[in-house]
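Please find below a colleague's note, set out as numbered points for discussion alongside the coordinates.

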Amino acid sequence: MFTDFKIIDGRPLTVQVKEYLKQWITKGKGRVDQKLPSTRELSTMLGISRNTLVTVYSELEEEGFIYTIHSKGSFVSKVGIASVPSWSLDWEQKLNRKTQQAVEYDLMKRDLRGEKGMINFASIAPDEKLFDLANVKRAFLDRMSLEGEILLNYGYAKGYKPLIEYLTGYMETKGVDMEGKDILITNGFTEAYDMLVSSLAVPQKRIICENPTHHTAIKISRLHGFDITGIPMDQDGVRLELFEKALQEQEFGLAYLTPSYHNPTGIVMSAEKRVEVLRLLARYRIPLIEDGFNEELRYSGSHMAPLAAFGGEGNSIIYLGSFSKILFPGIRIGWIAADRALIDALVSVKRARNIHTSTLDQAVLYQYFHNGNFEKYLKRAKSEYKRKHELAVQYCGEYIPYKRLTGSGGLHLFIELEDRCNAREILAECYAQGVVFTAGDVFYTDGGGANTLRLGFSRVSDDELRHGIEIIGRAVQKRMEA
C-alpha cells in the first residue's frame, strides 16, 4: 500500500502527497469508508514528516475526499465517480474529412524529424542562444508592476491596445498607408491565415500564389476547400508572363504572395515585379494576402517596401505579420493589417474562436519594444545570421553539386538539384548519417519539386554546418554517379 509514491525534487511535498492520495481515491484504489493509516503511520511508510500529512489530511477533508470520526481516524469519502458499464469506439472512424486531411498534411507526423544529437537543417526557427533573455525578464517585470492585475484577466479580442498602436507605427515605417486600416492581433501567422480563408466569401475558391510556397498556407487553403495554382519563380520573383496567363485563363478568389525572403526559396521580388503584380491583380479585381515573412532579415541591398506599401491608399491588400522567425516564436504573436471594416468583422470571428490572444504575452512583447530592446537585438541577430548565411552559401558551393541555389536573406537556403536527383532518397541516406533537412516537394502546389530541398541554418553550429552540408553533398554526388 502506497509503495509507488515517489518524491519529485523541486515541487512542494504537500502538493505531491495530496495529489497522490487524490488519485489513489479517484482511481478506486481506496474503497468508500476504508480507513486510512494515521498520519503517524503514513509518515513512517512514506518517509516524510507527520506535519506534512496533518496538513494534507486537513485539506483533503476540506475538499470532501476524506472524512474524520473523532477518536477513530480518517476514512475515504464517497466521491462522485460511479461504476458504470464501459464501452469503446474507434475514434479514427469518427474523424471528418477535414480532420483526416489535417493529419495527412501534418509534416510533424509524416516527415522525418530531427532527433537529439542530429545535425538539423529542417528547422528555420531562430537560434534561442541569441535570445535577449535578460531584457525579456525586465520587460515582464516592468509590465507586471504597472498593470499585472489587468494582464491576468480577460483581454480584448482585437488585441492589447499599446501593442496595436506600436504595430500601426511599425507598419507606417514600412511605408504602409494605415489611413482607414486597422490591426488585429492573432496567434501567429497560422491563425491569421486560417481566419481569413475561412471568413472571406469569394466568387471562386481558387488561390494564385508562387510555386513553391509556404506549406502551412497550402495545407490551410486545401483544408478550406481552395484549389491552388502556383506560378514558377525567377531569381527576382514570380514569372510575370505565367502569372498573367493564369489570370487570363482562370478566375481566382484570392492571391497569396510572399515577396520578401520567400518561404521556401528565400527569393526577394524586385520592385518592378511588385508594381506589375499589383497592376495585374487590380485589373482582375483579386484581393491579395501578403505574407510579411522574414522581412527584417535583410543582409544586403536596399530596403524593399512590402506590397502593402505599393498599394497606397487602396484597401485590397491584407498584410500578415509575425516576429516568429526572428523574435521569440514561443510568444505566439502575429497580426493582420487590413481595411478597418474587414478587421472589425474578424474581431468577431476571433472572439468566437478563442476570445483573445494572451494579453500577458502581448504586453511583455510591447514592453520589450517600448524599452528599445528590439533594434539592439535585431542588429546582433542579423549580424550572426548573415555570417551563417554566408558560410552556408560557401559550403553549399564547395560540397553540393546543385543546379540552382536561392536565398538572399532569412534563415534558410533553397537548393534545386539535377532533375535525376530525388531529394527524399538523399534525405533517407543523410538521415542514417545523422543529418536531416526538409525535402522541397512539400512546398509545391502541383506535386513537383522532387529534386529540391530547404536547408535551414539558423540553429546549427559552424562545425555542424560544414559537416552536415558535406554529408549532403556526398549523398547528392553518389546519386548523380548512380
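1. Helix α8 comprises twelve residues, 188-199, and its first and last C-alpha atoms lie 17 Å apart, close to the 16 Å expected at 1.5 Å a residue. The model is predicted.

2. How much of α8 is covered? Nine of its twelve residues are buried, so that the helix is mostly covered. The buried positions are G188, F189, E191, A192, Y193, D194, M195, L196 and V197.

3. An open sheet is built from seven strands in the order β4-β12-β11-β10-β9-β5-β6, with mixed pairing. Because β4 (181-186) and β6 (227-231) stand at the edges with a single partner strand each, one side of each has no neighbour in the sheet. On average, neighbouring strands of this sheet are turned by 20° against each other, direction ignored.

4. Within the sheet order, β5 is listed beside β9. Strands β5 (residues 206-210) and β9 (residues 254-257) pair in the parallel sense over three bridges; I208 has A255 of β9 as its bridge partner.

5. Helix α13 (residues 340-354) lies across β4, β11 (317-322) and β12 (334-339). The angle between α13 and β4 is about 25°.

6. Regarding cavities of interest to docking work, the largest pocket has a volume of about 1100 Å³. Its lining counts 41 residues, and M108, I124, T216, K325 and R454 are those nearest its centre.

7. Which elements supply at least two residues each to the lining of the largest pocket? These are α5 (107-110), α8, α9 (215-223), β11 and β16 (438-439). Helix α8 of point 1 thus reappears here as a contributor to the lining.

How values were computed
Residues are numbered from 1 along each chain as its sequence is written. This is a predicted model: local features need pLDDT of at least 70, side-chain atom pairs count only at pLDDT 80 or more; totals for chains, interfaces and linings use all residues. Side-chain values use heavy atoms; hydrogens and water are left out. Helices (H or I, at least four residues) and strands (E, at least two) are DSSP runs, numbered from the N terminus. The expected span of a helix is 1.5 Å times one less than its number of residues. Buried means under 20% relative accessible area, exposed over 50%, partly exposed in between (1.4 Å probe, protein chains only). Two strands pair if DSSP finds at least two bridges between them. Axes are lines fitted to C-alpha atoms, for helices over the stretch in contact, and angles run from 0 to 180 degrees between N-to-C directions. Contact means heavy atoms within 4.5 Å. On a 1 Å grid over the protein atoms alone, a cavity is a set of points where a 1.4 Å probe fits but cannot get out, and a pocket is an open set with protein on both sides within 12 Å along at least five of seven lines; lining residues have an atom within 4 Å of a point. Grid points are joined across faces, edges and corners, and a volume is the space filled by probe spheres set on the points.
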